[in-house]
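Biologist: I've got this structure open in front of me and I'd like a close look at one part of it. Could you walk me through it in plain language?

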Amino acid sequence: MSYIRPKIRHPETPINDIGYTRKNYEGSLSTLCAGCGHDSISAAIVQACFELNIEPHKVAKLSGIGCSSKTPTYFLGNSHGFNSVHGRMPSVATGANMANRDMIYIGVSGDGDTASIGMGQFAHVVRRNLNMLYLVENNGCYGLTKGQDSATSDFESISKKGVPNPFEAIDLCGIALQLGATMVARSFSGDKEQLVPLIKAALCHEGFAFIDVMSPCVTFNNNKGSTKSYEYVRDHIETLGVVDFVPMKDEITTHYKPGSSQEVTLHDGSVVRLQKLDEDYDPHDRRAALDKLKESQEQGKELTGLLYLDPDSKELHELLGTTQRPLRSLTEEDLCPGVNVLEKINLSFQ
Amino acid sequence: MSHAVNDFVIKFANVNGTGSASANTLFAKSLFRMGLAISPKNIFPSNIQGLPTWYEVRVNGDGYTGRRDDIDIMVGMNPQSMAKDIKEVVSGGYFVYDNSKPLDLRLMRDDINFIGLPLTDICLREYDDARQRQLFKNVIYVGALAAFLNIEFDVLTKLIHDQFKAKEKLIGPNVHALELGFQYASDNFQAPWPVRVERIESSKSRILIDGNTACALGAIYAGATVAAWYPITPSTSVVDAYETYAKRLRIDPGSGEKNFAIVQAEDELSAMGMVIGANWNGARAFTATSGPGVSLMSEFLGLAYFAEIPVVLINIQRAGPSTGMPTRSQQSDILACAYASHGDTKHVLLFPSSPRECFDMTVASFDLAERLQTPVILLSDLDLGMNDWISEPFAWDDSRRYDRGKVLSAEQLESLEQPFGRYLDVEGDGICYRTYPCTHPTKGAFFTRGTSRDPYAIYTEDGSLYVENMERLNKKWETTKSYVPAPSFYADNGARYGMIYYGTTAAPAEEALDKLANTGIALDGMRIHAFPFNKEVENFIKNHEMLFVVEQNRDGQMQTLLVTECGVAPSKLKSILNYDGMPVTAHVIQEKIRNALPEIDNVLPLKSKTIKN
Ligand SMILES: Cc1ncc(C[n+]2csc(CCOP(=O)(O)OP(=O)(O)O)c2C)c(N)n1
Ligand code: SF4
Ligand SMILES: [Mg+2]
């Protein structure tokens, strides 16, 4: 996996502003099934990081257990990765982030990893507004353990075994909104045009950015009757509009007709621009987002796009009041009070 | 009833939540300042208000700090428990009570002294405020005890001054309350009693502190920056104290920002995940918990063992299994911690016996965890953690550097001759080099996982590579033995039989060794400080015909661990156990050993050594 940058480059290979090619953002070869939605998401992450000029080593990739959780091996080979235990990525990411607030944290999880075994940790990492991108590769089943229904599987959706699911689905976007997530979006692994700008916005957002990506499992849940198959998602997708991500340094050139577009400026000065299909939709309105989700669900549609964004959110370090310096960079001089103070402490216990 | 000077046990029976704790501490601390050995024990319910609590103080002039259980003096302030409290006093002892209301005659005994103090009446006369009437009652009985027990009044007033330095208004009324009690006792009774204290002059400086505060200070001094935890008795005060001191000592002077982060997690799984994440990313992080928390952390401990991530876990043991007796002490997580998690795992354990060791061993935990890249579990218990103990003062050497272990810097990565391999045993000690994330743009990145991998951290299902890695972990375990603290020997004089103990069993065990020796039974004594056991532990066992392993659990967990890890015949290690939740006493240990000896003598005749020769 250690990656050696090729010395000779094809003259036409595009390089980004910090001199890296797309290849520098790739990982090792995927071992997932051919056609698995998860691989497209890895590609979208690669593209987003390349285009954002992120130095790969400044990213930490974390995951739980599952096919989805394996994917951090398949992107950003020059980043440290951590494949932790099933459902517990949020806590490991929290600790890692506490140690060094200067890095970028990408957490990848599955619907089983998040909505079942990891539901508790998911709820609490949302509440803490940890500065990270949390991406769920949602296929409505447990891929790695051979296709059991997951908690995001829709009511009466039929898996490969042919049995309709008797339980109501957990809508992770709805839950994230209710728990106070400061960026919430939904997308589809097959819609890179939408997914890449959303990932970029999430990486620049200061706070907890949640993206639920419908990502079909071709092996266990791509059959007729399943609401998580490629065909079904394509036929039922509804989008809130096109999301554009404009980095801080770029000038905004295109102009849209007023009312149909809305701009949100992020902490770092980048702009997320929404070309809205529904003029009345306001991505700063948490309640409207919840209503819209419910409405689409009732109409049997798969709502995608940027559902909610709070650009003024306060992430965990701010909430705790920790130093601006990475805690891990502090040394004995910063941390150890020394013998004189200890003598005084001794005195206070005499 | 001993009528000796400087040798008695006094117990206070109070109602939870009535402010008795600070008065009782004042009492205990005055004796401490007079140079006596005291061992106070809080006996409290798992409840916030209204139930009985007791505070038991053994006072001793010979320096013994283990518990003793005959109650010479009972201060019975709780009508609810009075019948039981009166029964507990030894013949010839004293029962001090509030006689504002007459005592139920059926409770009277004619073999003990009833000392009635009109506490409620005095308070009604002296104070208007209901809360003050309640609180000062406690201080008044301390004043009376000063007269009865010959406590130097100046010592008490000095303590009041120290305690209320920041609230000077309260000094006068407290001293007055002490005087009220002292005066009443002197005017109405023969004082002092034959049972009393006398100052002991000593050049040694000592502190009186609980083990949990000591652990917290250790974490501060060791440079821990991340604490993740979930509240549970009796470990909560570790993180509370860490926070108190961090707010005092870890605020950036320029910005006012915190040079630490405390995260109250949603459960212990999460707390352990955070500790793992922070350590993985190069910060020193720890958690504190008790038995139920350890059970929840178990899956993650296996990950940290296998993926080789430092972890510091402070386990303040309480009585299990399950919720057990949550406010009582035990040493019953030894096996659960030694082998926590599924698969072949084993963890480094440290066993402190005093607050000073809680401090030193917490500091050592961070160095060991980073040097060995593995979890280190400090096994304290409720008795050590939540009760005050007399201890050597803390010490620190300002030239001391933290041992951050084998971590490659960007420059070192740059000058590596071979490719970096996270799990490559370069030095043959089983400990490999690691890198923190974000060290170098193109070198040193690797994938951390709980699945099997090759020396370059690449996933593999190759059985032989898996075995190689597991064998290397065993090699690291061997290396560990040279890093963990060696045992200490209380007596190693070539006796036939030995005694082995650890943690809070040390004080009563060593007292028992003394007392047994005084009656002609001389045993050698070794205190275990750490697991894995080093050579000295094995040799001590080898050099004795038979050994008693004294511990506070039902199943003889340390005995099992010694049998398993040192390959000793189980019959050679005889368990001496006490696990009712109260700290074991020297008396119990002595008696159990005395009873066990003849039986063993039948098995091992006195001349066995010479016959073999
Ligand atoms: C504690 C624990 N229980 C069960 C498993 C087995 N397991 C591995 S992956 C998985 C489900 C993964 O589903 P999901 O997160 O949706 O990922 P997918 O494979 O669908 O991408 C399960 C149950 C495990 N690894 N750990
Ligand atoms: S089983 Fe499903 S989720 Fe797993 S790799 Fe194959 S297609 Fe993807
Ligand atoms: Mg899934």
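Biologist: Into which domains is chain B divided? Please take me through that chain closely, then put chain A beside it.

Modeller: Sure. Keep in mind that this is a predicted model. Chain B is divided into four pieces: domain 1 runs over 7-188, domain 2 over 209-391, domain 3 over 410-483 and domain 4 over 488-612. Take the C-alpha centres of domain 3 of chain B and domain 4 of chain B, and you get a separation of 41 Å.

Now for some backbone oddities. As a general background, most peptide bonds are trans, and most residues other than glycine have a negative phi. Against that, look at the bond joining B:Thr233 and B:Pro234, which is cis, with omega about 5°. B:Pro234 sits in the loop that links strand S8 (226-229) to helix H8 (236-249) of chain B. There's another cis bond further along, joining B:Phe531 and B:Pro532, and here too omega is about 5°. To find B:Pro532, go to the loop between strand S19 (530-531) and helix H17 (535-542) of chain B.

Phi gives you another stop on the tour. B:Gln373 isn't a glycine, yet its phi is positive, at about 50°. You'll find B:Gln373 in the loop between helix H12 (355-372) and strand S13 (375-381) of chain B. The relative accessibility of B:Gln373 is 0%, so this residue counts as buried, the cut-off being under 20%.

For a contrast, click on B:Asn474, which belongs to helix H15 (residues 463-481) of chain B. B:Asn474 has a relative accessible area of 32%, so it falls in the partly exposed class. Measuring C-alpha to C-alpha, B:Asn474 lies 10.0 Å from B:Asp429, and the two are 45 residues apart in sequence.

On to chain A, which has 12 helices and 13 strands. Its radius of gyration is 21 Å, close to the 20 Å that the globule rule gives for 350 residues, so chain A is as compact as a globular protein of that length. Along the principal axes, the C-alpha atoms of chain A fill a box of roughly 75 × 50 × 45 Å. Of the 350 residues in chain A, 57% are buried. If you take the contacts in chain A between residues at least 6 apart in sequence, 70% of them join residues at least 24 apart. The area chain A exposes comes to about 14200 Å², and carbon and sulfur atoms supply 52% of that. As for charge, chain A has 34 positive and 44 negative charges, whose mean positions are 5 Å apart.

Chain A has a positive phi to show you as well: A:Asn129, not a glycine, has a phi of about 50°. A:Asn129 is in the loop between helix H5 (119-127) and strand S4 (132-138) of chain A, and with 5% relative accessibility it counts as buried.

Last stop is A:Asp212, in strand S8 (residues 208-214) of chain A. At 2% relative accessibility, A:Asp212 is buried too. Beyond its neighbours within four places in sequence, A:Asp212 is in contact with several residues, including A:Val136, A:Asn138, A:Leu172 and A:Arg186. The C-alpha atoms of A:Asp212 and A:Ser189 are 9.9 Å apart, with their places 23 residues apart along the chain.

Terms used
Residues are numbered from 1 along each chain as its sequence is written. Chains are lettered from A and ligands numbered from 1 in the order in which they are written. This is a predicted model: local features need pLDDT of at least 70, side-chain atom pairs count only at pLDDT 80 or more; totals for chains, interfaces and linings use all residues. Side-chain values use heavy atoms; hydrogens and water are left out. Helices (H or I, at least four residues) and strands (E, at least two) are DSSP runs, numbered from the N terminus. The radius of gyration is taken over C-alpha atoms; the globule rule is 2.2 Å times the number of residues to the power 0.38. Buried means under 20% relative accessible area, exposed over 50%, partly exposed in between (1.4 Å probe, protein chains only). Contact means heavy atoms within 4.5 Å. Accessible areas come from the Shrake-Rupley method with a 1.4 Å probe; for residues, only the protein chains shown count as cover. Lys and Arg count as positive and Asp and Glu as negative; His and the chain ends are not counted. The place of a charge is taken as NZ of Lys, CZ of Arg, CG of Asp or CD of Glu. Domain bounds come from an automatic or database domain assignment.
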